[in-house]
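Visitor: Could you take me through the cysteines in this one? I'd like a close look at how they pair up, and at what the leftover ones are doing.

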Amino acid sequence: SSMKNRNSVLTSSGIAFVLLISTLPFVLPLREPTWDAAVYWGAGKFLWSGGTSGLWEPLRPPLLPFVLGMFWRLGVQPWIAWWLLGAAALVGLSFIIVRLAALLGIRDNVVLLAVASPLVVFHAGRGLTEVPAITLALLALLFFAQRRYGWGGIVAAAAFLTKFPMGVLIVAFMAALLWSSERPRSNALARCALGWLLPIAAFLVTNTVVYGTPLLPFLQGTDVFAKAGIALYREPVWFYLVEALRDNVFFALAPLGFILALRRRTRVRIALACAALLLLGYFTLTTHKEVRFVVLMAPLLGLLAASVLDRWRMPWVRAALILIIVAQAGLGGIYYARYDAPLVPSVMATDAILAATPGPVLVANPRPALAIDNQMALLYYPVLDAQRFDDERGRLHRYSALSLNDCDMTCEDDACAAAKQRFLAQVDMLFSTTATVMRDGCAWVSYAR
């Protein structure tokens, strides 16, 4: 037993070391931040300043902003905070996956290459919710497999509060307890459900106090996704199947792993299979599709595939697995190393100019949250339309500065375009231009009184 534990620690440590080294080409040199990463950083400022700094979007899950806000309070720069958080997640994933593999009955650690995912490594340091969410989900699954049902429910709730679709995890746990051939403890269902409900109840009560309704984040999120970015993120129904295989071709064995789980019907296998199926089904049925959401499914699909490969002990299978994964990971690494453009200092400098004004700032893009600590109002939120332009035109007197980007102020109808022109005319009357920077054909303009 001590030898197995030692081998497990050595394997986990080796995987963690390789993953951490693999992140460096994705973060050095510094890369342009994503829209959502800027939102989460600004939301963290908002939470830890009591609303006097940063920005807030109610539809966002609160856990990642809360953690990032702690880094901001400590004076850590966002890019460093993102990498530190991503590195911690990757180390955690390494140890959790090796331990879960043992509980799944996987005896050969080589087959864990089937869990390899360039997408997970790439997204670890980008300040987004996917990698922390899947790390928490797998930790919850580990607790569940160890029959620590209360902790499994609590951590599953934390995954949900990091990424709302992770709510399927508690459904998978309930299905596993009811359907498994293993006889559960009489209070297993209650402990798991109670562990999940306690944090969720606190979240819903807080929503009621702050917004007047417990379901506002979900209702607003549904409305925004129905109206914003549909043309940009509309993909065919097979989108995630194709993207998952591009990430790791051995994910194609996951259906066999699902069938194996149904045959074995152990608690952990049923929970794993149900979680993978529910997440794939949910994201396939939504109109808003992005490659990064594969991150939420990749380790689950990989573990299902590994459970199949572990049964095929021929040396040529191991050799093919190693060669194919190394080649696919290398190609994926080369592609993602060029995915985000290098950081443009002049744009950051334009954002920083806004910090000279002490009052609130109206922004058309959340990016200034990375450079300034002002309180920010969002021109784009929840939906940028004619009504939004007219509303903000009437509130311009409240702001000490503006950050506008013409590429983030596009209109889809004539009414919106007319309202936009009225808004910009009023801006020119009340404010002076302090800086203009062109990037990729987009004008980033800062205004001050």
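Guide: Sure, and keep in mind that this is a predicted model. Searching the whole structure turns up two disulfides. Let's start with C407 and C442, which are bonded with an S to S distance of 2.0 Å. C407 sits in the loop between β3 (401-405) and α19 (414-430), while C442 belongs to strand β5 (residues 442-448), so this bond ties together parts that are 35 residues apart in sequence. The torsion about that S-S bond is about -95°, so you're looking at a left-handed disulfide. As for accessibility, C407 is partly exposed at 34% relative accessibility, whereas C442 is buried at 13%.

Now for the other pair: C411 and C416 are joined with their sulfur atoms 2.1 Å apart. Here the S-S torsion comes out at about -60°, so this disulfide is left-handed too. C411 is partly exposed, with a relative accessible area of 26%, and C416 is buried at 2%. If you number the bonded cysteines of the protein chain in sequence order, you get a 1-4, 2-3 pairing.

That brings us to C192 and C274. For C192, the closest cysteine sulfur is the one in C274, and at 13 Å it is too far for a bond. Turn it around and the story holds: the closest cysteine sulfur to that of C274 is in C192, 13 Å away. A disulfide here means sulfur atoms within 2.5 Å, so that cut-off leaves this pair out. Both cysteines are buried, C192 with a relative accessible area of 0% and C274 with 15%.

Notes
Residues are numbered from 1 along each chain as its sequence is written. This is a predicted model: local features need pLDDT of at least 70, side-chain atom pairs count only at pLDDT 80 or more; totals for chains, interfaces and linings use all residues. Side-chain values use heavy atoms; hydrogens and water are left out. Helices (H or I, at least four residues) and strands (E, at least two) are DSSP runs, numbered from the N terminus. Buried means under 20% relative accessible area, exposed over 50%, partly exposed in between (1.4 Å probe, protein chains only).
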